[in-house]
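Okay, thanks for squeezing me in today. Let me put the structure up, and then I'll walk you through a few spots in it.

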Amino acid sequence: MTDNPLKASAEDQELVSLFAGLDTPGVSDAMDKLGLHGQALGIAPLADYSRVVVGPAYTVKYVPATVPAGTVGDYIDDVAEGDVVVIDNDGRTDCTVWGDILTQYAGLRGIAATVIDGVCRDVTKALSDGYPLFTAGRFMRTGKDRVQVESVNTTVAISTVRVASRDIVVADANGAVIVPRQRAREVAEAARQIEKVEAAIRDRIAQGDTIKQARAALGYHTLQRKA
């Protein structure tokens with residue numbers, strides 16, 4: 001692995017650790033219960049990943065290219081180990097903002113994953129390396145001379161979700177959820193409470209209860225309602 005001198009802060013590590021053992025459905029339910037919007041509609045995993053990725057967002061905003069065109073991927077040198085690269089390309093599907101060179105470098109540097117409101121290419125490399133990509137699709141056309149980086153670590157949009165720099169990204173085979181950093185502890189706690197109840201429901205079913213009985217006994221139908 002290429003040495004990455006950039007490390008997550010102690011607070012980053014603490015917030016990420018809060019989501020250990022959780023998945024996106026549980027986090028999504030917690031967001032609903034707290035009245036927060038963070039589910040990235042239309043952003044899907046490149047493969048059915050068996051693990052959950054959690055990391056602070058390193059945000060990148062792309063815009064149409066100037067003449068001559070600006071940079072497209074040099075920001076990657078400044079992404080810390082464990083970060084999730086979150087790219088806003090305004091949902092464009094006619095040209096890509098991520099390919100095999102970035103996949104290789106991100107993997108070597110210990111970058112956790114990439115989430116793109118747009119498309120990627122060279123997917124064979126990502127699939128063979130097991131590098132987690134979450135995108136609006138895949139396409140082979142380069143973004144060079146078509147788009148360029150406008151800003152990094154500013155507030156961007158992924159689908160209909162607002163993403164600020166260092167928000168917490170949770171992504172898995174179901175998709176991606178963005179947790180506002182200042183609410184991360186609250187969301188993780190709510191997700192664990194919901195999971196605890198759902199685990200108890202599963203136990204009761206295993207012991208012979210019907211789903212209706214188990215759900216009624218443990219308040220399943222109000223789990224995701226705002227308090």
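So, to start: how many of the ten residues of helix α2 are buried? Before I answer, keep in mind that this is a predicted model. The answer is seven, so helix α2, residues 24–33, is mostly covered. The buried ones are T24, G26, V27, S28, D29, A30 and M31. And what do they pack against? That would be β10, residues 168–172, then β11, residues 175–179, and also α5.

Let's hop over to α5 for a second. Helix α5 spans residues 184–206, and I201 sits in it. I201 is buried, with a relative accessible area of 6%. A200 is in helix α5 too, but A200 comes out as partly exposed, at 26% relative accessible area. The cut-off for calling something buried is under 20%, so by that rule I201 at 6% is in and A200 at 26% is out.

A couple of distances go with these two. From I201 to A8, C-alpha to C-alpha, you have 37 Å, and along the chain they're 193 residues apart. A200 and R215 are 15 residues apart in sequence, and their C-alpha atoms are 9.5 Å apart in space.

While we're down that end of the chain, there's helix α6, residues 211–218, and I211 belongs to it. I211 counts as partly exposed, with 44% relative accessibility. Its C-alpha is 51 Å from the C-alpha of D77, and 134 residues of chain separate the two.

Next stop, helix α3, which runs over residues 100–108. Its buried residues are L102, T103 and A106. Looking down the axis of α3, those buried residues fall within an arc of 105°, so they line one face of the helix. If you want the textbook background, an α-helix has 3.6 residues a turn, so residues three or four places apart point the same way. What covers the buried residues of α3? Among other things, α4, residues 123–129, and β5, residues 133–135. And right after α3 you get G110, with a positive phi near 75°.

Helix α3 also turns up in the pocket, so let's go there. The largest pocket holds about 410 Å³ of space. There are 19 residues lining it, and the ones nearest its centre are V72, G99, I101, L102 and K144. Which element gives the most to that lining? It's α3, with four residues. As for the chemistry of the lining, you're looking at nine nonpolar residues, five polar and five charged.

Now some aromatics. Searching the whole structure turns up three aromatic pairs. One of them is Y58 with Y75, and that pair is stacked, with the centres 6.3 Å apart and 20° between the planes. Why do I bring that pair up? Y58 is in strand β2, residues 53–64, and Y75 is in the loop between β2 and β3, so the pair ties together parts that are 17 residues apart in sequence. Both ends are tucked away, too: Y58 counts as buried at 4% relative accessibility, and Y75 counts as buried at 6%.

That loop between β2 and β3 has something else in it, namely P68. The peptide bond going from V67 into P68 is cis, with omega near -5°.

Last topic, backbone oddities. D145 isn't a glycine, yet it has a positive phi of about 70°. You'll find D145 in the loop between β6, residues 137–138, and β7, residues 147–152. Is D145 buried or exposed? Exposed, since its relative accessibility is 64%.

N153 is another non-glycine with a positive phi, this time near 55°. N153 lies in the loop between β7 and β8, which is residues 156–158. At 34% relative accessibility, N153 counts as partly exposed.

So if you take away a few things, make it these. Helix α2 is mostly covered, α3 has its buried residues on one face, and α3 gives the most to the lining of the largest pocket. And when you scroll through the model yourselves, have a look at the cis bond from V67 to P68 and the stacked pair of Y58 and Y75. That's my lot, thanks everyone.

Conventions:
Residues numbered from 1 in each chain as written. Predicted model: local features only at pLDDT ≥ 70, side-chain atom pairs only at ≥ 80, totals over all residues. Heavy atoms only, no water. Phe/Tyr/Trp six-rings, centres within 6.5 Å; stacked < 30°, edge-to-face > 60°. Helix = DSSP H or I, 4+ residues; strand = E, 2+ residues; numbered from the N terminus. Buried < 20%, exposed > 50% of the residue type's maximum accessible area, 1.4 Å probe, protein only. Arc of directions from axis to C-beta. Contact = heavy atoms within 4.5 Å. 1 Å grid on protein atoms, 1.4 Å probe; cavity = no way out; pocket = protein on both sides within 12 Å on 5 of 7 lines; lining within 4 Å. Points joined across faces, edges and corners; volume = space filled by probe spheres on them. Nonpolar A, V, L, I, M, F, W, Y, C, P; charged D, E, K, R; others polar.
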